[in-house]
Structure formats: structure tokens, C-alpha cells
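Colleague: Please take a close look at one part of this model for me, beginning with a single position and working outwards to the packing around it. I would like the cut-off behind each term as you go.

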Amino acid sequence: MTTTEIKTNDRTTAPATTVRSNPASARLDFAKTAPKVFRAVIGLDAAAREGLDPALVELVQIRASHLNRCAYCLHIHTTDARKAGESEDRLHMLAVWQEADHFFTDRERSALALTDAVTRIGDAGVPDEVYDRAAAHFDEEELAHLLALIFTINTWNRIALSTAKRAGTDER
């Protein structure tokens, strides 16, 4: 590994980035190292999906993975969506869903807007209009499950990115 330094003020330097000399080298195996935590996330994921349309589940997971730049999860969920019959057009338009809204139903657009807001919660929180739009399309239980699904995919994205999972390996 190599480390670069940046000047933080006139007197000190601090590590800026660590570059892996072998990007293919694995970091820790989260599932093996923290099996109870990993199983808890799997349980949350399974519970979150209950009662939600499987196609919507994949759209939400793909969208959050776009926003988080998680190639590993993006590959998994686009593959799963294709296997479930999702169209290539919709998969391609998902990254720009606001400009290609005619590809998605009102319900899907409300879920995607909520996904964007929750995934980018540090930018502006979850605006009332986004929450209210989703609440108009989902009953309270569905909305709770949708939120849990968004929380879960964000967690999976962070696990995959932090442990340097490689897209295309589909290690689940």
C-alpha cells in the first residue's frame, strides 16, 4: 500500500488517500468476520421486502446503488432485475428517472424520489413533499417496508464498498 500526503496547514501533513497496490486484493470478509451482524442485515433485508412488489424492490436497490456508486450491488440487482423480466429500457433510464418519468409509474416514481432523498439524506433530509408523495402511493405498512428496504440497500452498499467487493463476482 502507498499513502499520499496533503498539507493540512503550514506545519503538518496528514494522509490523504490510501491506494491499494493490488486493487483485486480482498479486504476482510464481512460475512465471516461478523456473522451475527451479517445475518441481522440479511434478516432486515428479508423483512423489508415483505409485501413489496419484487420489481419495485429491484428498482429501489438499483437506484440507491447508482447514487452510492456501488458497482458490486448494481451488478447484482440489475442481473436479478433482468432475470425477473425487467426491460433494458427501464434499467437504462433508471439513472435518469426524473427526466424519463414516462418509463415509470407514479408509484414507482414516488418510491424512487424517496430512495433518492433517504440515500442522500445529508444533502437536504427527506423533504415533506417527497415523503407525502410516497405516503399517497403506499399505505403505512408498505411505506415502513419501503423505508426499511432503502435503509437496507444503503447498508449493503456501504458493506460492499467498505470491503472492496468486486462487481461481477456475485459473492452473496
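**From one glycine to the helix packing**

Modeller: Gly-43 is partly exposed, with a relative accessible area of 37%, where buried means under 20%, exposed means over 50% and partly exposed covers what lies in between, computed with a 1.4 Å probe on protein chains only. The model is a predicted one, in which local features need pLDDT of at least 70 and side-chain atom pairs count only at pLDDT 80 or more, while totals for chains, interfaces and linings use all residues. Residues are numbered from 1 along each chain as its sequence is written, and side-chain values use heavy atoms, with hydrogens and water left out.

Gly-43 lies in helix H2; helices here are DSSP runs of H or I with at least four residues, strands are runs of E with at least two, and both are numbered from the N terminus. Although Gly-43 and Thr-152 are 109 residues apart along the chain, their C-alpha atoms are separated by 9.9 Å. Helix H2 (residues 35-49) also carries Phe-38, which pairs with Trp-156 of helix H9 (residues 140-162), 118 residues away, and in this way distant parts of the chain are linked. The ring centres of Phe-38 and Trp-156 are 5.3 Å apart and their planes stand at 70°, so the pair is edge-to-face. Rings of Phe, Tyr and Trp (its six-membered ring) pair if their centres lie within 6.5 Å, and planes under 30 degrees apart count as stacked, over 60 as edge-to-face and the rest as tilted. Phe-38 and Trp-156 are both buried, and ring pairs join them with Phe-30 into a cluster. A search of the whole structure finds two aromatic pairs.

Helix H9 offers a further link across the sequence through Glu-142, which sits in that helix. Its C-alpha lies 6.8 Å from that of Gly-51, with the two positions 91 residues apart in sequence. Leaving aside residues up to four places away in sequence, Glu-142 touches Gly-51, Leu-52, Arg-107 and His-137, a contact being heavy atoms within 4.5 Å.

The packing continues at Thr-115, which belongs to helix H6 (residues 106-119) and is buried, with a relative accessible area of 0%. With the same exclusion of sequence neighbours up to four places away, Thr-115 touches Val-60, Arg-63, Ala-64, Leu-67 and Ile-150. The axes of H3 and H6 come within 10 Å and cross at roughly 35°; axes are lines fitted to C-alpha atoms, for helices over the stretch in contact, and angles between N-to-C directions run from 0 to 180 degrees. H3 passes H6 in a right-handed crossing, a crossing being left-handed if the near helix is turned anticlockwise from the far one by less than a right angle, and right-handed if clockwise. Leu-56, Leu-59, Val-60, Arg-63, Ala-64, Leu-67 and Asn-68 in H3 meet residues of H6 that include Ala-111, Leu-112 and Thr-115. By class, this contact of H3 with H6 has seven nonpolar, three polar and three charged residues, with Ala, Val, Leu, Ile, Met, Phe, Trp, Tyr, Cys and Pro counted as nonpolar, Asp, Glu, Lys and Arg as charged, and the others, Gly among them, as polar.

Helix H3 (residues 54-68) also packs against helix H4 (residues 71-83), at an angle of about 155° and with the axes 9 Å apart. That angle makes H3 roughly antiparallel to H4, since angles under 35 degrees count as roughly parallel, over 145 as roughly antiparallel, 65 to 115 as roughly perpendicular and the rest as oblique. The crossing of H3 and H4 is left-handed. On the H3 side, Glu-58, Gln-61, Ile-62, Ser-65 and His-66 take part, and they meet residues of H4 including Cys-73, Leu-74 and His-77. The contact of H3 with H4 divides into four nonpolar, five polar and two charged residues.

Arg-69 is placed in the loop between H3 and H4. Most residues other than glycine have a negative phi. Arg-69, which is not a glycine, nevertheless has a positive phi of about 60°, and at 71% relative accessibility it counts as exposed. A positive phi of about 60° is also found at Ala-164, again not a glycine, in the segment after H9.

As wider context, the protein has nine helices and two strands, and buried residues make up 36% of its 172 residues.
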